Amino acid sequence: MTLFRKTLIALTALTITGASITTFAMAEEMARKTLQEKLDDRKKAFSEKADPQKISDYEQGIKQVEESGVLERAKKTGDSAPDFTLPDSTGNNVTLSTLLEDGPVVMIWYRGEWCPYCNIYLAELQSQAEEFKKAGAQIVAISPETPEHAVSVADKLDLGYHVLSDEQSKIAEQYGVVYTVPPKIAAYLQEAFDLHSANNDDRNILPLAASYVIGQDGVISYAFLNADYRERADTAILLDEVNKLSGGESQ
């Protein structure tokens with residue numbers, strides 16, 4: 001082997017090793033960040049790269065959702081949680097009342113696997129899944145996407161909790177968390193992600209990024225409702241609420 005080839009191989013190996021170290025360091029840094037820091041980083045990245053008109057349209061869209069009345073319509077603390085049965089990412093049907101027989105349920109609504117803020121939050125919940133399990137709670141994440149997308153996001157993020165498909169948003173409507181996406185935002189989402197196909201629904205509707213803690217009596221003990229999809233319930237607060245129901249203490 002020539003000296004040139006030996007040198008080339010050595011440089012290639014060094015480059016690969018360096019890239020691996022850099023990737024590992026980035027992963028370590030991400031793991032140390034809080035949920036809010038991760039969400040803020042994503043928001044900052046969008047603001048730095050997106051067209052100013054698009055940024056303005058999205059900000060206006062959030063205001064339109066807030067003014068739509070969905071926050072007033074949504075189920076709140078003290079309300080009874082409507083029972084339901086939905087398919088999960090493994091092909092099984094999951095019934096809320098059956099889950100509640102074993103303990104509290106943490107219910108998360110997310111827009112779809114195309115939503116980066118949703119993916120950040122779903123991954124954050126997975127990182128805390130063992131703590132919720134110790135507290136006796138089960139996590140369910142629900143989106144309006146078809147079952148294939150539930151499978152995809154569960155595999156992509158290696159989620160160990162229930163990921164459910166609320167096709168046609170029938171359950172979201174019962175919980176009052178569904179809203180009509182403002183026209184400009186609907187056009188952006190349709191062009192980028194083919195929202196109609198993903199949801200098998202051409203009505204341009206999505207759920208709030210809502211979070212609920214539901215006690216074994218079927219009553220909502222905690223509700224996080226926000227028109228801004230970039231904001232999510234703090235997982236520590238969700239865990240505290242679960243521990244209140246189960247009589248335990250936060251870890």
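Colleague: What is the relative accessible area of Arg203?
Modeller: It comes to 37%, so Arg203 is partly exposed. Buried means under 20% relative accessible area, exposed means over 50%, and partly exposed is in between, using a 1.4 Å probe and protein chains only.

Colleague: What kind of model is this?
Modeller: It is a predicted model, where local features need pLDDT of at least 70 and side-chain atom pairs count only at pLDDT 80 or more, while totals for chains, interfaces and linings use all residues. Residues are numbered from 1 along each chain as its sequence is written, and side-chain values use heavy atoms, leaving out hydrogens and water.

Colleague: Back to Arg203. Which residue forms a salt bridge with it?
Modeller: Glu173 does, with the closest N and O atoms 3.2 Å apart. A salt bridge here is a side-chain nitrogen of Lys or Arg within 4 Å of a carboxyl oxygen of Asp or Glu.

Colleague: Where do the two lie?
Modeller: Arg203 lies in the loop between helix H11 (195-199) and strand S7 (205-207), and Glu173 lies in helix H9 (residues 170-175). The pair therefore ties together parts that are 30 residues apart in sequence. Helices (H or I, at least four residues) and strands (E, at least two) are DSSP runs, numbered from the N terminus. Glu173 is partly exposed, at 40% relative accessible area.

Colleague: Which residues do salt bridges with shared partners join into one network?
Modeller: Glu59, Asp228 and Arg230.

Colleague: How many salt bridges does the rule count?
Modeller: The count is 10. One of them pairs Glu113 with Lys156, with the closest N and O atoms 3.5 Å apart. The two are 43 residues apart along the chain. Glu113 sits in the loop between strand S3 (105-109) and helix H6 (116-127), and Lys156 in helix H8 (residues 147-157).

Colleague: Glu113: buried or exposed?
Modeller: Glu113 is buried, at 14% relative accessibility. Its partner Lys156 is partly exposed, at 48%.

Colleague: And how far is Lys134 from Glu131, N to O?
Modeller: Their side chains meet in a salt bridge at 3.8 Å. Both lie in helix H7 (residues 129-134), three residues apart, about one turn of the helix. An α-helix has 3.6 residues a turn, so residues three or four places apart point the same way. Lys134 is exposed, at 55%.

Colleague: New topic. How far does H6 reach from its first C-alpha to its last?
Modeller: H6 has 12 residues and reaches 17 Å, close to the 16 Å expected. That expected span is 1.5 Å times one less than the number of residues. Buried residues in H6 include Tyr117, Cys118 and Leu125.

Colleague: How many disulfides turn up in the whole structure?
Modeller: Zero. A disulfide would be a pair of cysteine sulfur atoms within 2.5 Å. Cys115 is buried, at 0% relative accessibility. Cys118 is also buried, with a relative accessible area of 0%.

Colleague: Now pockets. What is the volume of the largest pocket?
Modeller: About 280 Å³. On a 1 Å grid over the protein atoms alone, a pocket is an open set of points with protein on both sides within 12 Å along at least five of seven lines, a cavity is a set where a 1.4 Å probe fits but cannot get out, and lining residues have an atom within 4 Å of a point. Grid points are joined across faces, edges and corners, and a volume is the space filled by probe spheres set on the points.

Colleague: How many residues line the largest pocket?
Modeller: There are 15, and Arg42, Phe46, Tyr58, Leu189 and Phe193 lie nearest its centre. H10 gives the most, with five residues. By class, the lining has 10 nonpolar, no polar and five charged residues. Ala, Val, Leu, Ile, Met, Phe, Trp, Tyr, Cys and Pro count as nonpolar, Asp, Glu, Lys and Arg as charged, and the others, Gly among them, as polar.

Colleague: Which element gives the most to the lining of the second largest pocket?
Modeller: H7, with four residues. That pocket holds about 210 Å³ of space.

Colleague: How many cavities of 30 Å³ or more does the search find?
Modeller: Three. The largest cavity has a volume of about 90 Å³. It is lined by 13 residues, and those closest to its centre are Gly61, Val65, Tyr179, Ile185 and Tyr229. H3 gives the most to this lining, with four residues.
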